Amino acid sequence: MKALVIGGSGLVGGHLVRALAAAGWETTATQRTPPRAPPATHRAIALDLLDPASVQALPGQVAGVFFLARTLQKGYRIERESNVRVLEAVLDVLQDLPSLRHVQLVHGLKWYGSTAGPFPVPARESDPVPGAAHFYYDQHALVRERARGRPWHWSTLRPHCVSGVATHSPSNVMLGMAVYAQLMKEQGLPLAFPGSQAAFDARLTYTSADLLARAMLWAATDPAARDEDFNVANGDVFSWSQVWPAVAAAFGMEAAPPRPQALRDTMPPLAGLWSRVVQRDALVPNALPALVDWNFMDATLALAWEQTMSLEKLRRHGFGETVDTPAMILEIIQAYRRLRILPAP
Ligand SMILES: NC(=O)c1ccc[n+]([C@@H]2O[C@H](COP(=O)([O-])OP(=O)(O)OC[C@H]3O[C@@H](n4cnc5c(N)ncnc54)[C@H](OP(=O)(O)O)[C@@H]3O)[C@@H](O)[C@H]2O)c1
């Protein structure tokens with residue numbers, strides 16, 4: 001019951017270390033930046049996976065490895081080569097540990113070519129792999145190759161738009177939407193969806209970070225999930241147009257029709273306004289650029305076609321949990337308020 005979470009300070013990792021603690025695992029988690037205070041849920045170690053010397057600091061006694069670190073370049077650019085290299089470096093050190101039982105990777109809907117244009121929906125794990133290269137395919141081949149002839153198993157999970165609570169994650173759609181709404185409110189504007197009408201109406205499956213963490217634990221420990229890939233999502237289909245009036249109401253605002261914009265251009269000038277809100281309401285001091293990566297938000301809003309996945313395989317293998325997405329969105333907004341990352345309504 002010893003876990004190693006590689007990338008434990010991120011959005012997925014933060015929810016996972018809490019789920020592991022609740023399930024009684026003894027967890028070590030890595031990140032580049034050391035935490036300000038020792039966490040209550042796990043032991044944190046700081047290392048940079050791109051630095052081969054620091055990878056040697058990985059613990060030598062682990063049963064479950066959860067690999068969540070994804071290297072990013074400026075402007076939310078995801079590079080293929082370095083993302084393969086970091087997994088290689090970790091497996092080089094861990095693959096022959098006698099204690100090792102399972103290595104898990106978290107990939108996503110991009111596996112199906114979801115960002116390139118409309119793709120077969122709902123996406124199924126058995127769908128043919130699209131032609132374009134992606135580090136997911138290289139990592140998948142690598143973990144399978146390293147597992148061959150060794151006593152441990154692997155699994156990969158494919159969520160979409162992981163929804164939860166984190167502060168320094170660049171891929172945090174819920175915090176991005178909530179900060180955008182707050183900034184519109186501060187200017188006395190109605191709440192217009194910041195993407196196209198097509199993106200507003202697109203059918204989506206999102207993944208609660210809490211549900212994902214429980215699915216990860218299940219896949220790492222249930223023999224039925226060994227050496228398999230699973231889509232993971234809440235189990236319902238929604239569109240932002242369905243939930244927008246409720247989101248606006250949660251901020252005490254009026255919902256308005258979509259107003260497509262490049263958030264990477266329109267939001268940075270509001271950094272001063274955000275700092276004033278932080279001071280006025282004594283929020284946790286987070287500067288706007290550290291809180292939201294607007295390039296990620298633009299990339300997410302550019303997905304103006306259906307983004308749904310089949311959960312049939314996940315259900316058939318034994319994981320049946322569901323989450324109501326509209327309720328989840330409102331709960332996450334409340335959680336950010338409780339943590340004083342967002343102001344009270
Ligand atoms: N978020 C989503 O909506 C979403 C959707 C589908 C799939 N996924 C997948 O889920 C996985 C985790 O995503 P996430 O959103 O949790 O990512 P995240 O918030 O960006 O977290 C990444 C983690 O990796 C660490 N890290 C990054 N570069 C590192 C390096 N060179 N050395 C050591 N640690 C490093 C980060 O800590 P430091 O920054 O302190 O180093 C952080 O702990 C990714 O593979 C992603 O593709 C995410």
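This report describes the overall build of a predicted model and then a selection of its residues.

## Overall build

The chain is made up of 14 helices and 11 strands. Its radius of gyration is 20 Å, close to the 20 Å given by the globule rule for 345 residues, so the chain is as compact as a globular protein of that length. Along the principal axes, the C-alpha atoms fill a box of roughly 60 × 45 × 35 Å.

Among contacts in the chain with a separation of 6 or more, 77% are between residues 24 or more positions apart. Buried residues make up 56% of the 345.

## Surface and charge

The exposed area of the chain is about 14700 Å², and carbon and sulfur atoms supply 54% of that area. The chain carries 32 positive and 30 negative charges, and the mean positions of these two sets are 3 Å apart.

## Buried residues in helices

Leu16 is found in helix H1, which covers residues 11-22. Its relative accessible area is 0%, under the 20% limit, so Leu16 counts as buried. Apart from neighbours within four places in sequence, Leu16 is in contact with Val5, Phe66, Leu68, Ala213, Met216 and Leu217. The C-alpha atoms of Leu16 and His42 are 11 Å apart in space, with the two positions 26 residues apart in sequence numbering.

His140 is found in helix H4, residues 135-147. With a relative accessible area of 7%, His140 is buried as well. Leaving out residues up to four places away in sequence, His140 touches Leu105, His107, Trp111, Trp154, Thr156, Arg158 and Asp229. The C-alpha distance from His140 to Ser155 is 9.2 Å, and the two are 15 residues apart in sequence.

## Buried residues in loops

Gln95 lies in the loop that runs between helix H3 (80-94) and strand S5 (102-106). Its relative accessible area is 11%, and Gln95 is therefore buried. The side chains of Gln95 and Arg146 are joined by a polar contact of 2.9 Å. Arg146 is also among the residues that Gln95 touches, together with Leu100, Arg150 and Trp152, when residues up to four places away in sequence are not counted.

Ser169 is placed in the loop between strand S7 (162-163) and helix H5 (173-186). At a relative accessible area of 9%, Ser169 is buried. A polar atom of the Ser169 side chain lies 3.3 Å from the backbone nitrogen of Ser171. Outside the residues up to four places away in sequence, Ser169 touches Leu11 and Leu291.

## An exposed loop residue

Arg32 lies in the loop between strand S2 (26-31) and strand S3 (43-46). Its relative accessibility is 66%, over the 50% limit, so Arg32 counts as exposed. Once neighbours within four places in sequence are left aside, the contacts of Arg32 are with Ala46, Leu47 and Asp48. Arg32 and Gly235 are 203 residues apart in sequence, and their C-alpha atoms are 34 Å apart in space.

## Backbone geometry

The peptide bond joining Val121 and Pro122 is cis, with omega about -10°. Pro122 is found in the loop between S5 and H4.

Asp227 is not a glycine, yet it has a positive phi of about 60°. The residue is located in the loop between helix H7 (209-221) and strand S10 (228-231). Its relative accessible area of 31% makes Asp227 partly exposed. Arg340, also not a glycine, has a positive phi of about 60°. Arg340 lies in the segment after helix H14 (325-338). Its relative accessible area is 41%, and Arg340 is partly exposed.

Definitions and conventions:
Residues are numbered from 1 along each chain as its sequence is written. This is a predicted model: local features need pLDDT of at least 70, side-chain atom pairs count only at pLDDT 80 or more; totals for chains, interfaces and linings use all residues. Side-chain values use heavy atoms; hydrogens and water are left out. Helices (H or I, at least four residues) and strands (E, at least two) are DSSP runs, numbered from the N terminus. The radius of gyration is taken over C-alpha atoms; the globule rule is 2.2 Å times the number of residues to the power 0.38. Buried means under 20% relative accessible area, exposed over 50%, partly exposed in between (1.4 Å probe, protein chains only). Contact means heavy atoms within 4.5 Å. Accessible areas come from the Shrake-Rupley method with a 1.4 Å probe; for residues, only the protein chains shown count as cover. Lys and Arg count as positive and Asp and Glu as negative; His and the chain ends are not counted. The place of a charge is taken as NZ of Lys, CZ of Arg, CG of Asp or CD of Glu. A polar contact is a pair of N or O atoms within 3.5 Å; within protein, one must be able to donate a hydrogen and the other to accept it, and residues adjacent in sequence count only if both atoms are side-chain atoms.
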